[in-house]
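Subject: Structure for you to look over

Hello,

Here is the structure I promised to pass on. Please open it alongside this message; my notes follow below.

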Amino acid sequence: MRTLYLIRHGEVTGGAHRCISRTDLPLSAQGRAQAEALSRFLQKHPVSAVFSSPASRCTETAALLDGAPPAVLCEALREVDVGQWENLTFEEIRARFPEDYRARGEHIGTAAPPGGKSFLAAGQRMDACLRALLSGTQGDLAVVSHGGILRGFLCLALGLSPDEVFSLRQPRGGMSTLAFDGETFRVLSVGCKPQPFPGDEEIRQLLTRCATPEPVIAHSRSVAAKALALAEHAPEPVDRDMLRAACLLHDLCRAEGRGHAEKGASLLDAQGYPALSRIVAQHHDLHADAGAEAELLYLADKLTRGCEDVPLEARFEASRAKCASLEAQEAWSRRYADALRLAQKYQMKEE
């Protein structure tokens, strides 16, 4: 069984909010950092060969994979050709090609822009290319390509409708892992960053991007300190680095109001952090199968009001008055019961 690492190039400079395929764009500083993270992963998971799209954003990513073999350029790994839409904003496309824009909106995977190709056609091109590359090599391979063609190929590998291409996350600097038995591709993961949680600089960038208020950021730091202290009493292993990242980002979308837990989790998932996303999603309501990191975040958040410690009883009494409906009262009771159970599990005594 061989392993195939399908890498999307890192972040680029320019091209924001435009339809880009052939336009050559260089990596940004963040894109280079993403490539370096991929490099650290591949140093622990060595490959026998690297293949890359000839686009600069891909060749630059491949060149930063220290310790990996020099990349072999492969024309068939280029991005989905968007034809006459190249380098136009989506507002310009909608105004100049209204019928084509509508048709592609209805069948995103199979409808092609004028003069261009569909996601399905690009996915078929990549499938043929990968099979040819695998037949002429041995060992595990890394392939550096683009989000559109990778989505098209993964739809084929997963047996999805081509119109589901955008249900597949493909963050820049992310990676999908497949196994190949000589005939069939088996998808092991889709669009994940090489590390399961962001580092401090990316955490800062995410908070800035979401305009997270400074008091909320300070609260999240206090929650992290509380959760890490509680982890000392955990009856099971705790990934302390994952826990810290989840605490620092749990209120990422707090400025958006209602549903901020789900919105933050969705954003983190799209960024290539599915495990972190699942933890953040539970900081209001725990799942039955919640792990230690999700439990500790949940409990620490309930024990922290602003940047100050607060007893569970006082925290929940203050929120009980807001429960106007029977459904809200039931949710309150469930959350309080979960918090009390976790306080006992993590050997916390109420003051």
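**Strands S1, S5 and S6**

Arg2 has Phe180 as its bridge partner in S5. That pair belongs to a longer match: S1 and S5 run antiparallel and are joined by 6 bridges. Please keep in mind throughout that this is a predicted model.

S5 also pairs with S6. S5 covers residues 175–180 and S6 covers residues 185–192. These two strands run antiparallel as well, with 5 bridges between them. Met175 finds its bridge partner in S6 at Cys192. The hairpin of S5 and S6 leaves 4 residues between the strands. Gly182 in this hairpin has a positive phi, near 105°.

How many of the residues of S5 are buried? The count is 6 of 6, so S5 is mostly covered, with buried meaning under 20% relative accessible area. Met175, Thr177 and Ala179 point one way from the strand. Ser176, Leu178 and Phe180 point the other way. Both sets are buried. In a regular strand, side chains alternate between the two faces of the sheet.

**The nonpolar cores**

The largest nonpolar core holds 45 residues. Leu249, Leu252, Leu276, Leu299 and Leu312 touch the most other members. The elements that give it two or more residues are H7 (200–209), H8 (214–230), H9 (240–249), H10 (260–270), H11 (274–281), H12 (292–302), H13 (312–320) and H14 (326–345), every one a helix. Another core, of 28 residues, lies apart from it. Among its members are Ala49, Phe51, Met126 and Leu150. In soluble globular proteins, nonpolar side chains tend to be buried together.

Leu276 is worth a click. Which residues does Leu276 contact, leaving aside neighbours within four places in sequence? They are Pro196, Phe197, Pro198, Met242, Ala245, Ala246, Leu249 and Leu268.

**Helix H12**

Why is H12 described as largely enclosed by the rest of the structure? Because 11 of its 11 residues are buried. The buried set includes Ala292, Leu296, Leu297, Tyr298, Leu299 and Ala300. Charged residue types are in there too: Glu293, Glu295, Asp301 and Lys302 are among the buried residues of H12. The buried residues of this helix pack against H8, H9, H11, H13 and H14. They also pack against strand S7 (304–305).

**Loop residues to look at**

His17 sits in the loop between S1 (2–8) and helix H1 (29–44). Its phi is positive, near 65°, and the residue is not a glycine. His17 is exposed, because its relative accessible area of 69% is over 50%.

Asn87 is another such case. Its phi is positive, about 65°, although Asn87 is not a glycine. Asn87 lies in the loop between strand S3 (71–73) and helix H3 (90–96). Is Asn87 exposed or partly exposed? Asn87 is partly exposed, because its relative accessible area of 35% falls between 20% and 50%.

Lys322 is in the loop between H13 and H14. This lysine is exposed, with a relative accessible area of 70%. Lys322 and Trp332 are 10 residues apart in sequence. In space they are 9.6 Å apart, C-alpha to C-alpha.

**The protein as a whole**

The secondary structure comes to 14 helices and 8 strands. The C-alpha atoms fill a box of roughly 65 × 50 × 35 Å along the principal axes. The protein has 351 residues, and 48% of them count as buried. Take the contacts between residues at least 6 apart in sequence: 65% of these join residues at least 24 apart.

The protein exposes about 16,700 Å². Carbon and sulfur atoms supply 51% of that area. On charge, there are 41 positive and 46 negative side chains. The centres of the two sets lie 2 Å apart.

Best wishes

Note on methods:
Residues numbered from 1 in each chain as written. Predicted model: local features only at pLDDT ≥ 70, side-chain atom pairs only at ≥ 80, totals over all residues. Heavy atoms only, no water. Pairing = 2+ DSSP bridges. Core = buried A, V, L, I, M, F, W, Y, C linked by side-chain atoms within 4.5 Å. Buried < 20%, exposed > 50% of the residue type's maximum accessible area, 1.4 Å probe, protein only. Contact = heavy atoms within 4.5 Å. Areas by Shrake-Rupley, 256 points an atom, 1.4 Å probe, with all protein chains shown as cover. Lys, Arg positive; Asp, Glu negative; His and termini not counted. Charge placed at Lys NZ, Arg CZ, Asp CG, Glu CD.
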